[in-house]
Amino acid sequence: MLDPAKLRADFPILTRRIHDKPLTYLDSAATAQKPSAMLEAMDHFYRNHYGSVRRGIYTLSEEATGMYEAARETVAEFIGADSSEEIVFTKNATEAINLVAYSWGRSNLRKGDAIVLTEMEHHANLIPWYILAKEKGLELRFAKVTDGGRLDMMDFEKKLKGAKLVCVTHVSNVLGTINPVAEITKLAHEAGAKVLVDGAQAAPNLPLDMCELEADWYVFSGHKLYGPTGIGVLRTHAPVYEAMQPFLSGGEMINEVGLGDVTFAEPPATFEAGTMPAAEAIGLAVAIDYLNKLGMDSVREHEQAVTEYALEKLSAIEGVKIYGSKKAEDRVGLVSFTVDGIHPHDLASLLDQDGVAIRSGHHCAQPLHQKLGVPATARASFSVFTTTDDIDRLATSIKAAQKTFSEPVKA
Amino acid sequence: MNLYREHIMDHYKNPRNRGTLPNADMTIEESNPVCGDKLKLMYKLDGDRVNEVKFEGEGCAISLAAASMLTEMIEGKTLEELKAIRDEDMLKQIGVPLSPTRVKCGLLALSGLRKGLKQDNLAGYGNS
Ligand SMILES: Cc1ncc(COP(=O)(O)O)c(C=O)c1O
């Protein structure tokens, strides 16, 4: 088991006071806070090894290139990819999805082809497909979410018939639901469809094994994984690479350029045009080292315990409605909820006064909120340093907000 | 500093001029899809003066309290005076410092009023 109270010392921001209260950070699903080791590694890189990646012959350039490529290696191992060649660095999950829509979707999908999405997708895994569908005349199908907050697999199988592509989130950023992506991939491949899995919420919470998942593309963001902003990951492999056209183009993604003609570099370089965020890639690798030291099984175990505690604490408060499965094992460490009579934004503002940081709004999943029948929800999400004390402070603060909103006012 | 001071909670819980106005001279809907806030603002004129004003809607306490305050601010005022209401005037009425994201909630009703005034210009000037 992790000792979250001890791990707090690894995250310098946790010494911050907000409105003169200690910070209770419960928004890791939006973005995770950063361990010192990661911050120091980026600083160390800039101070001691910085140079042009893949462009120079001099020592610093070679050191920087070596560290950048080692980071790719670390990422590949972390997610159980077969080799580092399967890892393309991007800016974030959003860019990785756009990359696939552009470089595979545009050249492989034709008018009338169908894409299966789900009602629980983040806008990042919707809008690129909406745009492509409009451009190429594609059909979009949405697999339903059950009232219990799971993917309706019967409906999914129905919608899968004849589809060319499935884009599904591994974990819902609103419901916390873990989707059966291995099964989805198997069904999709049997039906002749390719599969993109959005792992933005899964990577920080679950041990991953690409060989087991067998998705054609798997994407996630570094900043949700205790790494820096500006770095994301796309994992794919050789047979799929062959069907992909370049995305961004320019320097470093080429083999040879003449006046008017070009041959492209081998993947993953094909998809990494221009000067890449090397310090960020290195920072991400150090964040991954940090998680590896804790062990992803322990991380998962810890978040299960916190989630269970949070579900129990929050459902004990009268007027609190929790969305998604009531069982911790169906979820990762996040809980979306509403409080009767208090708009989530008012709740978040009141909680902030107590130093409690939660997310409020539609969390970039408007179609899902339409389905849930609310314009917005509040969301508390957890991380390796979340303690049961944090959850207690959340509960106390919610009750105080209820009091503020229920006290009679002088007319 | 408590954001939800008496003043705001009072307007939120005891909204002034809440309801509908059939045959209003101006009706405008304004929304903030980010929060799901929706407001409808209506008024009747007596000459170029706001004679009666109503609002209805759903949303957070800040946007609804601000809408209630705005109706009080514009009652009895001329159209020219309505046009002269600045963001600062609205924020001053609200009276508590709002964070940049919450300023949008505080100004939602005023933004609706401005849209309504533009619409009203077209209709209004033709009549007089
Ligand atoms: C499920 C899911 N997909 C995609 C994203 C997009 O991530 P980013 O904004 O880092 O590209 C997020 C995070 O906001 C998410 O929760």
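The exercises below work through a predicted model, each with a solution in steps.

**Exercise 1. Domains of chain A**

Task: Determine into which domains chain A is divided, and how far apart their C-alpha centres lie.

Solution: Begin with the assignment, in which domain 1 of chain A covers 4-30 + 296-405 and domain 2 covers 39-292. Then take the C-alpha centres of domain 1 of chain A and domain 2 of chain A, which are separated by 28 Å.

**Exercise 2. The interface between the two domains**

Task: Describe the interface of domain 1 of chain A and domain 2 of chain A by its contacts, its buried area and its salt bridges.

Solution: Start with the contacts, where 34 residues of domain 1 of chain A meet 33 residues of domain 2 of chain A. Next comes the buried area between these two domains, which is about 2,700 Å², with carbon and sulfur atoms giving 58% of it. For the polar part, count the residue pairs in polar contact with both members at pLDDT 80 or more, which gives 17 between domain 1 of chain A and domain 2 of chain A. The elements that each supply at least two residues to the domain 1 side are helix H11 (296-315), strand E14 (334-339) and helix H13 (366-372) of chain A. H13(A) gives the most to that side, with six residues, and the residues of the side as a whole divide into 16 nonpolar, nine polar and nine charged. Finally, the salt-bridge rule finds two across this interface. As a separate check of a charged pair, the side chains of Lys371(A) and Glu119(A) form a salt bridge with an N to O distance of 2.9 Å.

**Exercise 3. The interface between the chains**

Task: Find which residues form the salt bridge between chain A and chain B, and set out the contacts around it.

Solution: First establish the contacts, in which 19 residues of chain A touch 20 residues of chain B. The two chains bury about 1,500 Å² between them, and 52% of this lies on carbon and sulfur atoms. The count of salt bridges between chain A and chain B is one, and Asp346(A) forms a salt bridge with Arg102(B), their closest N and O atoms being 2.9 Å apart. On the side of chain A that touches chain B, helix H12 (344-353) and helix H14 (388-406) of chain A give two or more residues, with H12(A) giving the most, namely five. That side is made up of six nonpolar, 10 polar and three charged residues. For the complex the predictor reports an ipTM of 0.85 and a pTM of 0.93.

**Exercise 4. A salt bridge between two loops**

Task: Explain why the pair Arg54(A) and Glu272(A) ties together parts that are 218 residues apart in sequence.

Solution: The whole structure holds 30 salt bridges over all chains, and one joins the side chains of Arg54(A) and Glu272(A) at 2.8 Å, N to O. Arg54(A) lies in the loop between helix H2 (36-49) and helix H3 (59-78) of chain A, whereas Glu272(A) lies in the loop between strand E12 (262-264) and helix H10 (278-294) of chain A, so the pair links parts 218 residues apart in sequence.

**Exercise 5. Confidence along chain B**

Task: Identify which elements of chain B have the lowest and the highest mean pLDDT, and where pLDDT stays under 50.

Solution: Over chain B the mean pLDDT is 89, with 92% of its residues at 70 or more. Among its elements, helix H5 (residues 100-127) of chain B has the lowest mean, 80, and helix H2 (residues 61-74) of chain B the highest, 96. Residues 122-128 of chain B stay under 50, and for them the model has three contacts beyond four places in sequence. Where pLDDT is low, the predicted coordinates should not be read in detail.

Key: Residues numbered from 1 in each chain as written. Chains lettered and ligands numbered in written order. Heavy atoms only, no water. Domains from an automatic or database assignment. Contact = heavy atoms within 4.5 Å. Buried area = accessible area lost by both parts, 1.4 Å probe. Salt bridge = Lys/Arg side-chain N within 4 Å of Asp/Glu carboxyl O. Polar contact = N/O pair within 3.5 Å; in protein donor to acceptor, adjacent residues only side chain to side chain. Helix = DSSP H or I, 4+ residues; strand = E, 2+ residues; numbered from the N terminus. Nonpolar A, V, L, I, M, F, W, Y, C, P; charged D, E, K, R; others polar. pLDDT = per-residue confidence, 0-100.
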